[in-house]
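User: I am new to this model and would like to know the reasons behind the labels used for it. Please set each value against its rule.

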Amino acid sequence: MTLPTIYEISEPGRRGVLLPDCDVPESDLPADLLRHELELPEVSELQVIRHFTNLSQKNYSIDTGFYPLGSCTMKYNPRINEDMARLPGFAQLHPLTDVDGSQGALALMYQLQQWLGEISGFDGVSLVPAAGAQGEFAGILMIRNYHLDRGDTKRTKILVPNSAHGTNPATVTMAGYEVVELPSDDHGDVDLEALKAACDDTVAGMMITVPSTLGLFESHILDVIEAVHDCGGLMYMDGANMNALMGVVKPGELGFDVMHYNLHKTFSTPHGGGGPGSGAVGVNDKLKPFLPGPIAVILEEATDDEEAPLYGLQMPEKSIGRLKAFHGNFGMHSRAYTYIRIHGDSGIKDITRYAVLNANYIRAGLKDTYHIPYPRICAHEFVLEGHFDGVDDVHALDISKRLMDYNIHPPTNYFPLIVHEALLIEPTETETKATLDFFIDTMKKIAQEAKDDPELLKSAPHITPVSRLDEVRAAKQLVLCCAPVMQSLADD
Ligand SMILES: *Cc1c(COP(=O)(O)O)cnc(C)c1O
């Protein structure tokens, strides 16, 4: 499976380009700038095309196969989003263009803020944060400044359930607060007694992932919100996974004070590999003055129906400030705008209904083969345990690696941490029933293989250029050049 490197197919004298005859006097290149140790491969144009096309096909992507990576919402990114984002008036607009020259883009941002507010029941939205985690950070800073603004300086803690996304406690710590971890009860909900015991006037707020990373909708959400509000804290909802809620329930109406959205999950802007994201934040009236800016606003209302209002940008009165250059990742805004506009009201609701249906379909299909620690209706994802009674040596990771042999991306492994051998599965709403069935059948087949021939799983994947990498080292020490180097990384 290993591809030869471009150097291995190089042959002296072969060339890919023919330069036109030189029509200026020839002279030597400056010797001190030439690095003779850098050999250039000698290959034809076709060899270059094949080499890089083959390499690109070693990348797994949502465009090449099923990607049930829990909590990441790897769903189809409609191509129309790309067309709209590439309209020259958007794509080539300089961020310093004045208000008169950027009315279209400002109108788009304004409308997107309105729609996101409407979808989640919030009064104000800022599109500035560049990722979910940055939206969280903005949210916690707003909570902090809200308390400080009222002269309330004794609040030093934020409550975080142990079923929260990993970024939640990290955000709390970065914002200078102490994390108070709350246990979950046997059903996977927040332990209400523990919550009430932790609530006092040193609590600035609570940060809760909804649905939780167990894929569950908190059964006592209103009690949780009330308990925190009763002690003067504010409620942060991690809404990265709004494809489980939108069109059905509005977090602002439940009583949440602030939430972030992941436009690069729910609203289908592409993500993965550290590309640009957008973690817009929505807030109620209490926090609106603190939003990060700039925000798109209407500077002058239209005088008659034929005209458009005049849009502009503003920093909110008590803004926590800027988090990013210019106005956030505008390319993500245009994609999310397109997506919402195309779906409309009923389409937005269908996204949620299908996301939840698909997850429950797989859960039901696998419940007799795998142990499901919280056997209740799930939201857009669910967690199962990746091990089998009587087969001690097979772990969640082995199941994941074996899935790759069937051209399926592994689910999220060993997360959430509170489930033994966790595999977190999120099919998303964009998959066909045939794909869901293929996944269920494959998972069953792997369960059988685990019993009959565990070595098959232990040595998987068998179809990739390298098999099992030290993933932490591979991420920190990227080696992007040659297969032999990658292989030696895998070997030791
Ligand atoms: C993805 C995710 C985040 C983090 O979003 P990033 O854009 O990766 O920073 C936070 N919370 C939840 C629940 C998520 O699924």
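User: Where is P211, and what makes the peptide bond before P211 cis?

Analyst: In this predicted model, P211 sits in the loop that runs between strand 4 (203–209) and helix 8 (221–230). The bond from V210 to P211 has omega near -10 degrees and is cis. Most peptide bonds are trans, and most residues other than glycine have a negative phi.

User: Which residues does the other cis bond join, and where does P416 lie?

Analyst: F415 and P416 are joined by a cis peptide bond with omega about 0 degrees. P416 belongs to the loop between strand 11 and strand 12. Y414 is in that loop between strand 11 and strand 12 too, and its phi is near 55 degrees, a positive value in a residue other than glycine.

User: Why is Y414 called partly exposed?

Analyst: Its relative accessible area is 36%. Buried needs a value under 20% and exposed a value over 50%, so a residue in between is partly exposed.

User: Why is S268 called buried?

Analyst: S268 has 0% relative accessibility, and the limit for buried is under 20%, so S268 counts as buried. S268 is placed in the loop between strand 6 (258–261) and strand 7 (281–283). Its phi, near 60 degrees, is positive although the residue is not glycine.

User: How do you know that strand 11 pairs with strand 12?

Analyst: Two bridges join strand 11 to strand 12 (residues 422–425). Pairing asks for at least two bridges, so the condition is met. The two strands run antiparallel; T412 stands opposite L424, and N413 stands opposite L423.

User: How many bridges join strand 10 to strand 12?

Analyst: Four bridges do, and these strands also run antiparallel. Against the requirement of at least two, strand 10 and strand 12 therefore count as paired. F382 stands opposite I425 in strand 12.

User: What makes strand 10 and strand 11 edge strands?

Analyst: The three strands form an open sheet in the order 10-12-11, with antiparallel pairing. Strand 10 and strand 11 (412–413) each pair on one side only, and they are the edge strands.

User: What is covered in strand 12?

Analyst: Both faces are: A422 and L424 lie on one side, L423 and I425 on the other, and all are buried. In a regular strand the side chains alternate between the two faces of the sheet.

User: Why is the contact of E449 and R402 called a salt bridge?

Analyst: The N to O distance between their side chains is 2.8 Å. The limit is 4 Å, so the pair qualifies. E449 is in helix 12 (residues 433–452) and R402 in helix 11, so the salt bridge ties together parts that are 47 residues apart in sequence. Both E449 and R402 are buried.

User: What about K433 and D437: how far apart are they, and are they buried or exposed?

Analyst: Their closest N and O atoms are 3.1 Å apart, and the two residues form a salt bridge. They are four residues apart in helix 12, which means about one helical turn. K433, at 53%, is exposed, because the cut-off for exposed is over 50%. D437, at 22%, is partly exposed.

User: How do you know that E11 and R14 form a salt bridge?

Analyst: The N to O distance is 3.8 Å, and the rule accepts pairs within 4 Å, so E11 and R14 count. E11 is partly exposed at 42%, as is R14 at 32%. By this rule the count of salt bridges comes to 19.

Definitions and conventions. Residues numbered from 1 in each chain as written. Predicted model: local features only at pLDDT ≥ 70, side-chain atom pairs only at ≥ 80, totals over all residues. Heavy atoms only, no water. Buried < 20%, exposed > 50% of the residue type's maximum accessible area, 1.4 Å probe, protein only.
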